[in-house]
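Trainee: Could we go through this structure together? I'd like to know what the labels people put on it rest on.
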Amino acid sequence: MALWFSLIILLLYAAPSNAQQNPVTAIDIALEPDATMLRHAQADNARLLKNFPKGFALDDTHHPHVTMLQQFVRTADLDKVYVALDKVFASEKPLGWKLKAFKYYYIPSPPIGLAGIVVEPTEDLLRLQQKIIDAVTPFTEKTGTPAAFMSTEDGKDIQGFLIEYVANFVTIAAGKKFNPHVTTGVGTEVFLKEMLAEPFEAFTFSPASASVYQLGSYGTARKELRALVLTP
């Protein structure tokens, strides 16, 4: 009995993670904000959950973040991706940046929408994004399936538009089209339009850390794959 138990434990610990089980992994390379942004994001998330309880709460598996790049990468090359990104961040010092949050926005998916707080693009952010794209491109795949994402419903919770978005991120959401933001939750379009009509008091915040995440439903940062090294 003791031998069988030991073998089971060994197999459990040796089992690959969800990201390692699939040949392609959907990743999000993200800057994580300081306490100032976290307070605003959590407050908005609470409002959105009251409006749409079927949305998601910002918690340990839904990390508030500013996406720099989303891509499908070869799972076997993840370690190479981390090394390449550490080199990029060694050449930048985002911990000292002052970023400005200045309005709300949402991505419609009637009758609901994915809401967020928009961050003013800066030369620093654009430069960092391009360096990240250049570093990760050798390891990317053109597209993926729901299996590339972290899912709690065998891929049924992974939206079709999300797969298309990740596959085309560099074309539709980078460079001049970059819209840095912190996603805050899901709400009905009626409620989100009301939020957008409210006065928004701009505030500043700074990045506090950076990580590579496996993406989940609605493009959330569901599973941390690697914390990146940032220098002051």
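Mentor: Sure. One definition before we start: Ala, Val, Leu, Ile, Met, Phe, Trp, Tyr, Cys and Pro count as nonpolar, Asp, Glu, Lys and Arg as charged, and the others, Gly among them, as polar. Sorted that way, the lining of the second largest pocket has three nonpolar, five polar and four charged residues. Keep in mind that this is a predicted model.

Trainee: Which residues line the second largest pocket?

Mentor: They are Phe52, Lys54, Gly55, Phe56, His62, Thr152, Glu153, Asp157, Ser217, Tyr218, Thr220 and Arg222. The pocket has a volume of about 200 Å³.

Trainee: What makes Tyr218 "partly exposed"?

Mentor: Buried means under 20% relative accessible area and exposed means over 50%. Tyrosine 218 has 23%, so it falls in between and counts as partly exposed. It sits in the loop between strand E8 (207–215) and strand E9 (221–227). Its phi is near 60°, a positive value in a residue other than glycine.

Trainee: And why is aspartate 154 called exposed?

Mentor: Its relative accessible area is 79%, and the cut-off for exposed is over 50%. So aspartate 154 is exposed. This residue is in the loop between strand E5 (140–141) and H6, and it also has a positive phi, near 55°.

Trainee: How do you know that leucine 48 is buried?

Mentor: Its relative accessible area is 1%, and buried means under 20%, so leucine 48 is buried. It belongs to helix H3 (residues 35–51). Leaving out residues up to four places away in sequence, leucine 48 touches Ala115, Thr184, Gly185, Val186, Gly187, Phe191, Leu192 and Met195.

Trainee: What makes E6 "largely enclosed"?

Mentor: Seven of the eight residues of E6 are buried, so the rest of the structure largely encloses this strand.

Trainee: What makes E4 and E6 a pair?

Mentor: Two strands pair if at least two bridges are found between them. Strand E4 (residues 112–119) and E6 have seven bridges, in the antiparallel sense, so they count as a pair. Within that pairing, alanine 115 has glycine 185 of E6 as its bridge partner.

Trainee: Where does the largest pocket get its lining?

Mentor: First, this pocket has a volume of about 320 Å³. Of its 19 lining residues, the closest to the centre are Gln70, Tyr105, Ile107, Tyr165 and His181. The elements giving two or more residues include strand E2 (66–74), strand E3 (99–109) and strand E6 (181–188). H6 gives the most, three residues. By class, the lining has 11 nonpolar, seven polar and one charged residues.

Trainee: Which residues touch the most other members of the largest nonpolar core?

Mentor: Ile29, Leu31 and Ile132 do, in a core of 52 residues. Helix H4 (residues 78–90) gives the largest share, seven residues. Apart from that core lies another one, of 10 residues, among them Val24, Ile158, Leu162 and Val166.

Trainee: What is isoleucine 132 in contact with?

Mentor: Not counting neighbours within four places in sequence, isoleucine 132 is in contact with Ile29, Met68, Leu69, Leu85, Val88 and Phe89.

Trainee: Last one: which peptide bond is cis, with omega near 10°?

Mentor: The one from proline 110 to proline 111. Proline 111 is in the loop between E3 and E4.

Notes
Residues are numbered from 1 along each chain as its sequence is written. This is a predicted model: local features need pLDDT of at least 70, side-chain atom pairs count only at pLDDT 80 or more; totals for chains, interfaces and linings use all residues. Side-chain values use heavy atoms; hydrogens and water are left out. On a 1 Å grid over the protein atoms alone, a cavity is a set of points where a 1.4 Å probe fits but cannot get out, and a pocket is an open set with protein on both sides within 12 Å along at least five of seven lines; lining residues have an atom within 4 Å of a point. Grid points are joined across faces, edges and corners, and a volume is the space filled by probe spheres set on the points. Helices (H or I, at least four residues) and strands (E, at least two) are DSSP runs, numbered from the N terminus. Buried means under 20% relative accessible area, exposed over 50%, partly exposed in between (1.4 Å probe, protein chains only). A nonpolar core is a set of buried Ala, Val, Leu, Ile, Met, Phe, Trp, Tyr and Cys residues joined through side-chain atoms within 4.5 Å. Contact means heavy atoms within 4.5 Å.
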